[in-house]
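Visitor: Can you walk me through this one? I'd like to start with the core and then jump around a bit.
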Amino acid sequence: MLPIKLFRLYLFNAAISLLFGLSLLSNANAASTEQTAVFSGGCFWGVDAVFKHVKGVTEVVSGYAGGNASTAHYEMVSNGDTGHAESVRVRFNPTQVSYQQLLQVFFNVAHNPTELNRQGPDTGSQYRSAIFYTSNEQQKIAENTIRQLTVAHVFSEPIVTQVVPLKEFYPAEEHHQNYLALHPYQPYIVFNDMPKLDHLKKQYPALYQ
């Protein structure tokens, strides 16, 4: 028998597929242009790497969202008082991967949405869980996904993910871009982020690239 959490996750994924499958099929030809999503789920190194391995994603950039341009610098964001969260901007082709599928990866692979102002060993509001939506449709899908996860009791603790409008995204410094691929043997990466890629491949093999 499947563990209870995995069974609930299976039910959640099945329900989401049923809810959104028909609309995705009907809109596939119309939604051919790339779209943008912005997610925050702890240190951007690992979140960046996860989405870079999702089919249909054409670009992932690490950066900052939630604050203003004058404080969008790593040293300042690291103080935790700028309003920024370490974030990733994901550009994707909606005919190959849906926003809903990206949310599934975000919640079930990229991070733990029940940790408030922290993620693993990292603490502070800059590591908070957040979805910065770029349209009313994204807002509705994100909020509905959180409701579905909550009803299905996929997580034993409450989801604390913020769903807020994206005001601006500021790319991070160059040495933070594509960090996992360039530093695969760094202890932080090996312990905290490499397992996420294995999890993505096992849980969503059809999405993995």
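Guide: Sure, one term before we start: a nonpolar core is a set of buried Ala, Val, Leu, Ile, Met, Phe, Trp, Tyr and Cys residues joined through side-chain atoms within 4.5 Å. Buried means under 20% relative accessible area, exposed means over 50%, and partly exposed is in between, with a 1.4 Å probe and protein chains only. This is a predicted model, where local features need pLDDT of at least 70 and side-chain atom pairs count only at pLDDT 80 or more, while totals for chains, interfaces and linings use all residues. Residues are numbered from 1 along each chain as its sequence is written, and side-chain values use heavy atoms, with hydrogens and water left out.

Visitor: Got it. Which residues touch the most other members in the largest nonpolar core?
Guide: Those are F39, F51, Y99, L102 and V105, in a core of 45 residues. At least two core residues come from each of β1 (35-41), α2 (44-52), β2 (57-65), β3 (85-92), α4 (99-110), α5 (136-151), α6 (179-182) and α7 (187-203). Helices here are DSSP runs of H or I with at least four residues, strands are runs of E with at least two, and both are numbered from the N terminus.

Visitor: Which element gives the most to this core?
Guide: α4 does, with eight residues.

Visitor: And Y99, what does that one touch?
Guide: Leaving out residues up to four places away in sequence, Y99 touches A37, F39, F92, I131, Q138, I141 and A142. Contact means heavy atoms within 4.5 Å. There is also another core lying apart from the big one, with six residues, among them V38, A65, A130 and F132.

Visitor: Is there a general reason why nonpolar side chains end up together?
Guide: In soluble globular proteins, nonpolar side chains tend to be buried together.

Visitor: OK, switching to the sheet. What's the strand order?
Guide: Six strands run β7-β6-β1-β3-β2-β8 in an open sheet with mixed pairing. Two strands pair if DSSP finds at least two bridges between them. β7 (162-165) and β8 (169-171) are at the edges with a single partner strand each, so one side of each has no neighbour in the sheet.

Visitor: How much are neighbouring strands turned against each other?
Guide: By 35° on average, direction ignored. Axes are lines fitted to C-alpha atoms, for helices over the stretch in contact, and angles run from 0 to 180 degrees between N-to-C directions.

Visitor: How many bridges join β6 to β7?
Guide: Four, and β6 (residues 129-133) runs parallel to β7. F132 stands opposite V164 in β7.

Visitor: Where does α4 lie relative to the strands?
Guide: α4 lies across β1, β2, β3 and β6, at about 15° to β1.

Visitor: Back to α2. Buried or exposed?
Guide: Eight of its nine residues are buried, so α2 is largely enclosed by the rest of the structure. The buried ones are F44, W45, G46, V47, D48, A49, V50 and F51.

Visitor: Hang on, D48 is on that list. What does D48 form a salt bridge with?
Guide: With K52, the closest N and O atoms being 2.6 Å apart. A salt bridge here is a side-chain nitrogen of Lys or Arg within 4 Å of a carboxyl oxygen of Asp or Glu. Both residues sit in helix α2, four residues apart, about one turn of the helix. D48 counts as buried because its relative accessibility is 1%, while K52, at 29%, counts as partly exposed.

Visitor: How many salt bridges by this rule?
Guide: The count comes to four. E59 in strand β2 and R89 in strand β3 are 30 residues apart, linking distant parts of the chain, and their closest N and O atoms are 3.8 Å apart. E59, R89 and R91 are linked in a network of salt bridges.

Visitor: What about K196?
Guide: K196 meets D193 in a salt bridge at 3.6 Å, N to O, and K196 and D193 are both buried.

Visitor: Last one: K140, buried or exposed?
Guide: K140 is in helix α5 and counts as exposed at 60% relative accessibility.
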